[in-house]
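Colleague: I am new to this structure and would like a close look at a single part, the packing of one helix against its neighbours. Could you take me through that slowly?

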Amino acid sequence: MKAVCWNGITDVRVEEVPDPKLINPRDAIIQVSSTAICGSDLHLYDGYIPAMKKGDILGHEFMGEVVEVGSGVKNLSPGDRVVVPFPIACGNCFFCQSGLWSLCDNSNPNASLAESMYGHSPAGIFGYSHLMGGYAGGQAEYVRVPFADVGPFKIENGFRDEQVLFLTDIFPTGYMAAEMANIRPGDTVAIWGCGPVGQFVIQSAWTFNPARVIAIDRYPERLDMAEKYGRAEVINYEGTDVVETLKQMTGGMGPDVCIDAVGMEAHKHGLEGYYDRAKHAARMETDRPYVLREAIQACRKGGTVSLAGAYGGFVDTIPIGAAFNKGLTFKMGQAHVHRYLQPLFEMIESGQIDPSFVVTHIFPLEEAPDAYEIFKHKTDGCVKVVMKP
Amino acid sequence: MEVQMERPLSRRVNVGAAERGVSLLSGLALLSYIFKRRPSTKMSVPLVLEAGYMMYRGATGHCVFYKMMEINRSEEGNRGIEVQRAITVNKPRDEMYRIWRNFENLPRFMTHLKRVDVDEAGGGDRSHWVAKAPLGGQAEWDAEIMEERENEYIAWNSLPGSVVDSMGSVEFSDAPGGRGTIIRVSMQYNPPAGSMGAAIAKLLGEEPGQQVRDDLRHFKQMMETGEIASVEGQPSGRNNDFERSISERRREKDLVEEASVQSFPASDPPAWISGKKNKRSLPS
């Protein structure tokens with residue numbers, strides 16, 4: 001089959017690889033009909049996530065048709081159309097049973113590696129480095145799905161792939177960021193990053209009845225999308241002091257809720273930008289925390305900072321004194337996708353939201369290298385890329 | 001994935017204390033013989049080398065030949081292994097106890113064990129253990145349950161006179177809040193006298209603590225999910241090895257090692273793989 005393989009930094013290739021086989025009884029094989037490139041795939045593409053091996057198959061946002069199931073999978077049969085959550089969860093451990101699906105205790109075959117870095121191992125993730133299990137991803141014609149009796153969610157009626165595909169990651173990720181942030185009616189919510197996840201944070205935030213949603217980015221097409229589909233007020237951070245602007249907009253109070261939908265590869269100009277680039281080049285810092293710093297600085301006293309953008313390693317110069325003395329609450333984590341599949345699908349079903357609005361580009365899988373470049377550099381107005389094997 | 005570090009000199013000691021003294025003294029004696037008798041130049045070169053090596057071996061406690069033969073006669077090498085690890089399994093205590101009480105189940109998740117046969121005739125208290133030893137060999141011994149409290153505790157010892165002197169225990173308690181069972185395992189391997197000691201010291205691998213932790217994790221996975229999480233046999237771009245020359249594969253291996261944990265934190269711009277030359281030109 002054809003699959004998108006990581007061959008080094010900014011080097012992905014579409015290669016001919018063997019078809020996947022069932023390995024464990026609870027596995028299923030899915031024939032992929034659509035797969036998306038996630039912002040966090042760019043962290044792999046750019047070499048920000050450790051423990052990648054040349055030849056690893058990428059992709060954790062995918063859906064398709066069940067073609068084979070193991071003896072332990074009773075709820076799926078060949079022909080079923082499913083979306084597959086990006087974290088792999090067993091459904092049996094304390095964490096799964098507590099609804100903390102992305103923290104599953106049993107799905108990471110390289111748990112000891114993750115433990116050595118994080119203290120404990122999070123769940124395995126498709127196509128997301130050997131730290132997260134080394135599972136082959138779904139940017140391929142076929143993919144093996146472990147614990148298929150737990151994860152895949154059947155889509156039986158006539159929705160287009162682009163309408164349901166984002167249930168695998170970015171819609172639940174955005175929704176959970178908003179939900180975690182404890183938005184109360186009348187609140188002002190500020191969201192850094194109007195990429196695909198940011199768009200879903202904006203959409204989701206409104207479901208908690210805030211008074212205002214303010215979105216921050218520098219790409220006009222993303223800000224337009226936030227205004228048009230998300231009814232957000234927007235700030236273009238280029239040439240703007242974001243913290244000061246937010247203060248002005250909120251009458252000095254600051255946003256009640258600040259959500260980081262950017263994560264470890266944030267960009268910033270000026271002195272602070274050079275500081276982190278230097279630290280990063282010297283391997284003293286792995287993630288660039290501009291957004292986190294700004295969010296802490298901008299957030300109103302007693303407010304909540306919620307992180308949806310992914311972090312992988314270490315950052316420094318986090319203004320923890322500001323966070324402490326302003327009494328902020330922090331919420332973060334990989335989305336517990338399984339928890340949100342049913343309720344968010346119902347939002348799609350009822351017509352409350354059509355997630356396909358973020359899709360700007362559709363490529364055949366063979367053109368993955370170009371798709372990654374366009375998505376990375378956000379050329380051609382690119383917001384979200386879907387690939388068809 | 002492990003980063004192989006050069007071991008500090010103290011950890012490379014593989015010669016016992018008395019033997020080190022003898023080495024040092026014989027090296028010095030040989031040296032004084034060379035100086036007093038002044039043998040022909042032909043003779044003196046190998047003699048000086050020999051004297052030098054004996055003194056090095058005595059002073060550092062490191063013997064190159066012992067190393068090659070995987071022999072360790074130092075006190076450290078003969079200290080044996082004692083490992084204690086705990087894990088919480090989301091299953092009832094009596095069920096976990098029953099599984100452990102039948103030692104024949106242990107090799108299903110304990111990597112170092114090949115086989116355990118329980119002698120049913122003795123009420124299931126006696127068992128024969130076969131473990132994997134270094135260099136493809138195996139070590140065998142008989143063990144007996146010394147103490148047991150139902151659903152709480154099992155302790156076993158190897159029988160007197162066994163080649164391998166080992167003991168182990170496992171303790172079961174309820175995890176608070178109805179979160180299943182906490183299982184605390186303790187395993188000890190005491191080396192017998194002689195060079196078998198080094199082999200026994202390696203029964204649990206180079207990192208016994210990690211080994212037992214991984215074993216318990218596999219046990220937990222089996223109990224909770226019915227299978228052990230694995231990616232063995234899945235496709236990747238690496239399966240196309242037959243298309244690649246050996247030198248390419250070797251280069252790839254180096255890259256993988258560099259690009260793993262060791263490279264963390266990764267750098268930007270990348271220092272370990274040049275991505276620049278692979279950059280594709282953008283369609284405008």
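Modeller: Angles of 65 to 115 degrees between helix axes count as roughly perpendicular, and that cut-off is needed for the first pair. Please keep in mind that this is a predicted model. In chain A, the axes of helix α5 (residues 170–180) and helix α12 (residues 337–349) come within 9 Å and cross at roughly 95°, and therefore α5(A) and α12(A) are roughly perpendicular to each other. On the α5(A) side the meeting residues are A:Phe171, A:Pro172, A:Tyr175 and A:Met176, while α12(A) brings A:Val337, A:Tyr340 and A:Leu344. Sorted by class, this contact of α5(A) with α12(A) has 7 nonpolar residues, with no polar and no charged ones.

The second neighbour to consider is helix α6 (residues 196–206) of chain A, which packs with α5(A) at an angle of about 50°, the axes being 7 Å apart; α5(A) and α6(A) are therefore oblique to each other. Their crossing is right-handed. From α5(A), the residues that make this contact are A:Ile170, A:Phe171, A:Thr173, A:Gly174, A:Tyr175, A:Ala177 and A:Ala178, and from α6(A) they are A:Pro196, A:Val197, A:Phe200, A:Val201, A:Gln203, A:Ser204 and A:Ala205. By class, the contact of α5(A) with α6(A) has 10 nonpolar and 4 polar residues, and no charged ones. A:Phe171 and A:Tyr175 of α5(A) thus appear in the contact with α12(A) and also in the contact with α6(A).

Methods: Residues are numbered from 1 along each chain as its sequence is written. Chains are lettered from A and ligands numbered from 1 in the order in which they are written. This is a predicted model: local features need pLDDT of at least 70, side-chain atom pairs count only at pLDDT 80 or more; totals for chains, interfaces and linings use all residues. Axes are lines fitted to C-alpha atoms, for helices over the stretch in contact, and angles run from 0 to 180 degrees between N-to-C directions. Helices (H or I, at least four residues) and strands (E, at least two) are DSSP runs, numbered from the N terminus. Angles under 35 degrees count as roughly parallel, over 145 as roughly antiparallel, 65 to 115 as roughly perpendicular and the rest as oblique. Two residues are in contact if their C-beta atoms, placed from the backbone, lie within 7 Å. Ala, Val, Leu, Ile, Met, Phe, Trp, Tyr, Cys and Pro count as nonpolar, Asp, Glu, Lys and Arg as charged, and the others, Gly among them, as polar. A crossing is left-handed if the near helix is turned anticlockwise from the far one by less than a right angle, and right-handed if clockwise.
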